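Hello,

Here is the structure I promised to pass along. Please open it next to this email, and then read on for what turned up when I went through it.

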Amino acid sequence: MAPLAITPADILRFAQDCAAQGVVLVTLTGIAGSSPRAIGAQMAVASDGSYRGSFSGGCIEAAIVSEALSALAAGESRRVRFGAGSPYIDIRLPCGGGIDLLFTPRPDPHILDDILARLDAREPAGLWIKGDGIAIAEPGTVPAGWSDDAFCVRYVPRLRIAAIGHGEALVATARLARFFGAETFAFSPLADDVTAASGDGITVALLETRTSPPALATDPWTAFAFLFHDHEWEDALLPWALRGPYLFVGAIGGWQSRANRRDMLRRAGFDDAIIGRFEEPAGLIPATRDPATLALSLVAEIVAAYQERYGGGACEG
C-alpha cells in the first residue's frame with residue numbers, strides 16, 4: 001500500500017538516489033498572491049526529467065523540469081519567477097499568483113545524507129541553500145527564509161500515529177493513517193486485531209497487560225488515538241501518553257466514558273487544562289456511527305494538528 005503523501009524526506013531521498021546521475025533541488029522561496037504550496041516546499045528533478053514533489057499540482061511542473069535541466073547543464077544555481085511577474089508570459093498559475101523558485105544543481109549528497117539521518121532518527125533538521133550549494137542549518141538558531149543571500153528550509157520528522165485500542169475502529173484508523181503517509185503503529189490486547197492491522201508499513205504489537213505501556217519512544221511528532229470500548233485499558237495507558245512528549249492525544253467514548261476518564265485523570269494528578277481536552281470525543285466529525293468514518297474523523301484532526309504546528313517550511317528563528 002503506497003502512501004498518499006509525498007514527504008519532504010521522500011524528495012530529499014530521491015535527490016540523494018539521483019545524485020550520481022545529476023539532480024537539481026528546487027525550493028519555493030517567495031510567493032506573490034496565493035500558492036498551492038508553502039514557502040520552503042521543494043521538488044527534486046533528475047537528469048532524465050523524472051522528479052518528486054510539485055508546486056502547482058501539474059500546471060507548471062513541465063516548465064520547472066525544463067528550467068532545472070538547463071540549470072543542471074549550466075552547473076549554476078538560479079532564481080526564477082513563475083506566474084505573475086514572470087518573464088515567461090506564456091506560463092501562468094491558475095490562481096493568478098507568482099512563485100519564486102531557487103534552482104540548486106548537484107546538492108552535496110553528504111549533506112543530504114546528514115539531513116536524512118536526522119529525520120530517520122526523528123530529529124528536526126535544517127538546510128541552508130546558497131548560491132554555491134547547500135549547508136547544514138541548526139533548526140531554531142537561524143532566521144526564517146532568506147538571510148542575506150542564503151535561504152533556510154526546516155525539516156521535521158514525519159507524522160507518527162499510534163492507534164491504541166481494539167476492534168474495527170483500531171484497524172480502520174491504522175490503515176488510513178498508513179495510507180495517508182504517517183509512520184503508523186497499532187497496539188491492541190486482541191490477537192485478531194493485531195493480525196487484521198498487520199500490513200505494509202504498519203508496526204503492530206499485542207498489549208499484554210493493562211498496566212504495561214507499548215514499547216514506543218514518544219516525541220513531539222507523535223499522535224495517540226485511543227480507541228477502546230473497554231475504557232479500563234486507558235487507566236494506565238492514557239496517563240503514560242500524556243506524560244511524554246506528544247503532538248496530540250485523543251480518545252473516543254460517550255458522555256459517561258468521558259466523565260469516568262476525566263475522574264481518572266484527575267486522580268492521576270493532571271490539571272484542568274489537560275483534562276478539559278477530553279470534554280468531547282476526538283475527531284472532527286461528531287457522532288460517527290461506523291469505523292471508517294471514525295477513522296477519517298480522527299486522522300483528519302491529527303493531520304490538522306500536525307499541519308498547524310509544523311506546516312511551514314522555513315527554519316524558525
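**Gln42 and its partners**

The side chain of Gln42 reaches the side chain of Tyr155 through a polar contact of 2.7 Å. Before I go further, please keep in mind that this is a predicted model. Gln42 also has a polar contact with Thr27, again between side chains, at 3.0 Å.

Where does Gln42 sit in the chain? It belongs to strand 2, which covers residues 42-46. Is Gln42 buried or exposed? Its relative accessibility is 7%, and because the cut-off for buried is under 20%, Gln42 counts as buried.

If you display what surrounds Gln42, leaving out neighbours within four places in sequence, you will find these residues in contact with it:

- Ile11 and Leu12
- Leu25, Val26 and Thr27
- Arg52, Gly53, Ser54 and Phe55
- Ile129, Val153 and Tyr155

**Ser54, one of those neighbours**

Ser54 is in the list of residues that Gln42 contacts, so I followed it up next. Ser54 is part of the loop that runs between strand 3 (51-52) and helix 2 (61-74). Although it is a loop residue, Ser54 counts as buried, with a relative accessibility of 17%.

Which side chain does the side chain of Ser54 meet in a polar contact? The partner is Arg37, at 2.7 Å. Setting aside residues up to four places away in sequence, Ser54 touches Arg37, Gln42, Met43 and Glu61.

**The chain overall**

Stepping back for a moment, the chain contains nine helices and 14 strands. It has 317 residues, and 50% of them count as buried. Along the principal axes, the C-alpha atoms fill a box of roughly 65 × 35 × 35 Å. Among contacts in the chain with a separation of 6 or more, 59% are between residues 24 or more positions apart.

**Two helix pairs**

The first pair to look at is helix 4 (residues 168-180) with helix 9 (residues 291-310). Their axes come within 8 Å and cross at roughly 45 degrees. That angle is why helix 4 and helix 9 are described as oblique to each other. The crossing of helix 4 past helix 9 is right-handed.

From helix 4, the contact uses Glu168, Ala169, Ala172, Thr173, Leu176, Ala177 and Phe180. Helix 9 contributes Pro291, Ala292, Leu294, Ala295, Leu296, Leu298, Val299 and Val303. Sorted by class, this contact has 13 nonpolar residues, one polar and one charged.

The other pair is helix 1 (residues 8-17) with helix 3. Here the axes come within 10 Å, with a crossing angle of roughly 145 degrees, and helix 1 passes helix 3 in a left-handed crossing. On the helix 1 side, the contact is made by Ala9, Leu12, Arg13, Ala15 and Gln16. On the helix 3 side, the residues are Leu112, Asp113, Ile115, Leu116, Leu119 and Asp120. The contact of helix 1 with helix 3 divides into seven nonpolar, one polar and three charged residues. Leu12 of helix 1 takes part here, and Leu12 is also in contact with Gln42.

**Two loop residues with positive phi**

Two residues other than glycine caught my eye for their backbone angles. Here they are side by side:

| Residue | Phi | Loop | Relative accessibility |
|---|---|---|---|
| Arg106 | near 50 degrees | between strand 5 (98-105) and helix 3 (109-120) | 51%, exposed |
| Asp148 | near 60 degrees | between strand 8 (145-147) and strand 9 (150-155) | 79%, exposed |

**Val194 in helix 5**

Last on my list is Val194, which lies in helix 5 (residues 191-197). Val194 is buried, with a relative accessible area of 17%. How far apart are the C-alpha atoms of Val194 and Leu206? They are separated by 6.5 Å, while the two residues are twelve apart along the chain. Leu206 is among the residues that Val194 touches, together with Ser188, Val204 and Ala205, when residues up to four places away in sequence are not counted.

Enjoy looking around, and write back with any questions.

Best wishes

Terms used: Residues numbered from 1 in each chain as written. Predicted model: local features only at pLDDT ≥ 70, side-chain atom pairs only at ≥ 80, totals over all residues. Heavy atoms only, no water. Helix = DSSP H or I, 4+ residues; strand = E, 2+ residues; numbered from the N terminus. Buried < 20%, exposed > 50% of the residue type's maximum accessible area, 1.4 Å probe, protein only. Polar contact = N/O pair within 3.5 Å; in protein donor to acceptor, adjacent residues only side chain to side chain. Contact = heavy atoms within 4.5 Å. Axes fitted to C-alpha atoms, helices over the stretch in contact; angles between N-to-C directions. Parallel < 35°, antiparallel > 145°, perpendicular 65-115°, else oblique. Left-handed = near helix turned anticlockwise from the far one by under 90°. Nonpolar A, V, L, I, M, F, W, Y, C, P; charged D, E, K, R; others polar.
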